[in-house]
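Subject: Structure handover and findings

Hello,

Here is the structure for you to load. My notes follow below it.

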Amino acid sequence: GDTGPGGTVNKPPALGGATLGAALATGVPRRDGPAAALADTDDAAITARTDSYFNRTKQIVSRFGDTRVTYAVFLRRPVVCAPRLMLDWLRAVAAARRIELRIELMHEEGQWVGAGDPLLYVTGSLVGLSDLETILLQKLGAACVAAHNAYQMCLELPQVAFLAMEARHCAGAEMQEMMAYAAAVGSRAAQAEGAKGFIGNANDATAHWFGQKAGYGTMPHALIGYAGTTVRAAEMFHETYPDEPLTVLVDYFGREVTDGLAVARRFPDLAAAGRLAVRLDTHGGRFLEGLDPAESYAVLERHAPGAIRRYRSETELRHLVGTGVSAAAVWKMREELDQAGFPKVRIVASSGFGVGKCRVMAEAKAPIDVVGTGSFIPDAWSETYATADIVDYDGTPRVKVGREFLLRHNDERRKGRDTA
């Protein structure tokens with residue numbers, strides 16, 4: 001293809017400027033940074049990243065005499081215990097500093113933890129521990145809340161498989177690793193109660209948390225735009241990856257039903273073998289093809305009348321019969337596929353599947369095979385704030401007024417075991 005006069009290859013137009021840096025300039029001046037980030041177990045990195053008053057505390061205690069202390073670490077809301085990333089880092093720092101720590105994990109990984117209930121106690125040198133609090137809490141709180149969200153989502157739809165699609169919403173690689181780990185922890189907790197849970201994720205780097213070697217996924221909207229039609233995008237994918245199951249986005253042109261059936265007719269063998277799926281990702285500003293408010297109610301009246309006959313909040317109604325990927329949209333797609341003779345074509349649903357939406361889908365018995373979601377990422381970041389308080393100074397229980405519930409003389413709290 002793309003050739004000009006005389007057979008020369010047409011190159012994409014330059015973005016502007018003589019260099020890539022100039023081409024991408026946005027008016028924001030460059031900021032010189034370190035050539036490479038220090039490992040977060042390095043003392044200089046810890047000093048730079050921690051809150052200054054912890055650094056000053058370390059210097060003061062070093063001057064006036066070290067003491068052995070015990071920290072209690074907790075969150076102010078219910079969570080699922082997801083401490084591994086924090087524990088790995090804490091042990092690595094202890095090894096690098098050659099300090100001895102005693103870590104008492106009060107709840108095993110994957111266990112539910114009540115609000116204010118200590119997740120762990122850490123005992124050791126105040127000089128060695130005082131500057132670690134900031135980073136320790138960073139590595140714990142968000143993971144525990146995200147694990148709780150994933151756990152709830154899986155339990156709301158126990159017969160549905162989940163695919164973690166959080167990477168694009170994460171603020172960098174460390175958060176990406178943390179959120180994938182959290183989803184895996186929450187998933188395993190739900191699987192222990194009979195749910196299918198998360199079967200994998202959408203990228204290679206964090207697939208190991210789900211027992212996979214690589215991420216799952218077939219096509220973004222960009223490929224359909226490039227191909228020009230939904231069917232052609234499916235053909236391109238199948239020609240490139242002939243042995244892979246095929247999941248096709250069908251909302252690009254606003255013809256979910258038409259294009260979904262066209263793809264099924266183009267690939268009847270895959271459809272009959274259950275190796276073809278349509279993914280619904282309909283924009284929240286419109287209804288799925290063939291639906292409007294009245295027809296959405298009619299679809300649910302045929303399949304799940306109880307779901308719409310009780311009081312609903314505005315958000316619940318939107319999930320049931322509103323625009324975007326509603327329960328009515330999923331049922332409509334299932335109806336059309338079955339009536340056209342494609343009962344084994346699977347439905348993958350995405351777009352805002354948090355705990356609340358999963359609950360509504362379950363009540364509507366929506367025939368979803370797989371949910372693709374990153375909505376286990378905490379909505380209210382303030383809920384992820386973990387807290388650590390010293391509760392013992394060299395064998396003497398002492399804590400600030402109001403936090404007496406953390407004191408270790410409450411032996412009934414001890415549910416875990418020593419981990420280090």
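What volume does the largest pocket have? About 790 Å³. Please keep in mind that this is a predicted model.

**Overall**

The protein chain has 420 residues, of which 48% are buried. The chain holds 16 helices and 14 strands. Take the contacts between residues at least 6 apart in sequence: 74% of them join residues at least 24 apart.

**Largest pocket**

The lining of the largest pocket has 32 residues. Nearest its centre are Leu 163, Tyr 216, Gly 217, Thr 218 and Thr 247. Four elements give two or more residues to this lining: β8 (246-249), β9 (276-280), β10 (346-350) and β11 (370-373). The largest share is from β8, with 4 residues. Sorted by class, the lining has 18 nonpolar, 8 polar and 6 charged residues.

**Second largest pocket**

The second largest pocket has about 420 Å³ of space. It is lined by 21 residues, and Leu 137, Gln 138, Lys 139, Ala 142 and Trp 381 are the closest to its centre. Here the elements are helices: α3 (52-64), α6 (133-138), α7 (141-156) and α8 (173-191) each supply at least two lining residues. The classes split into 11 nonpolar, 5 polar and 5 charged.

**Cavity**

The count is 1 cavity of 30 Å³ or more. Its volume is about 60 Å³. The lining consists of Tyr 71, Val 73, Val 122, Leu 129, Leu 132, Glu 133, Leu 136 and Ala 388. β1 (68-75) and α6 are the elements that give two or more residues to it. By class, 7 lining residues are nonpolar, none is polar and 1 is charged.

**Aromatic pairs**

The whole structure contains 8 aromatic pairs. One of them is Tyr 181 with Trp 209: the ring centres are 4.9 Å apart and the planes stand at 55°, so the pair counts as tilted. Which parts does this pair tie together? Tyr 181 lies in helix α8, and Trp 209 lies in the loop between β7 (197-201) and α9 (221-227), so the link joins parts 28 residues apart in sequence. Both Tyr 181 and Trp 209 are buried.

Tyr 252 and Phe 253 form an edge-to-face pair. Their centres are 4.8 Å apart, with 65° between the planes. Are these two residues buried or partly exposed? Tyr 252 has 39% relative accessibility, so it counts as partly exposed. Phe 253 is also partly exposed, with a relative accessible area of 31%.

There is an aromatic cluster too, formed by Phe 162, Phe 198, Phe 210 and Phe 376.

**Around Arg 266 and Glu 235**

The charged end of Arg 266 sits over the ring of Phe 267, 4.8 Å from the ring centre. Glu 235 touches both Arg 266 and Phe 267, leaving aside residues up to four places away in sequence. Glu 235 belongs to helix α10 (residues 230-240). Is Glu 235 buried or exposed? Its relative accessible area is 16%, under the 20% cut-off, so Glu 235 counts as buried.

**Val 250**

Val 250 lies in the loop between β8 and α11 (256-266). Its relative accessibility is 0%, so Val 250 counts as buried. What does Val 250 touch, not counting residues up to four places away in sequence? The list is Arg 255, Glu 256, Asp 259, Gly 260, Val 278, Arg 279 and Leu 280. Thr 282 is 32 residues from Val 250 in sequence, and the two C-alpha atoms are 8.4 Å apart in space.

**Helix α16**

α16 covers residues 355-363. Its buried residues are Val 355, Lys 357, Cys 358, Val 360 and Met 361. What do they pack against? The partners are α7, β6 (161-164), α14 (314-321) and α15 (327-339). Just after α16, Lys 365 takes a positive phi of about 50°.

**Where to start**

I would open the two pockets side by side. The largest pocket draws on β8, β9, β10 and β11. The second largest draws on α3, α6, α7 and α8. α6 also gives two or more residues to the cavity lining.

Best wishes

Conventions. Residues numbered from 1 in each chain as written. Predicted model: local features only at pLDDT ≥ 70, side-chain atom pairs only at ≥ 80, totals over all residues. Heavy atoms only, no water. 1 Å grid on protein atoms, 1.4 Å probe; cavity = no way out; pocket = protein on both sides within 12 Å on 5 of 7 lines; lining within 4 Å. Points joined across faces, edges and corners; volume = space filled by probe spheres on them. Nonpolar A, V, L, I, M, F, W, Y, C, P; charged D, E, K, R; others polar. Phe/Tyr/Trp six-rings, centres within 6.5 Å; stacked < 30°, edge-to-face > 60°. Buried < 20%, exposed > 50% of the residue type's maximum accessible area, 1.4 Å probe, protein only. Lys NZ or Arg CZ within 6 Å of the ring centre and 35° of its normal. Contact = heavy atoms within 4.5 Å.
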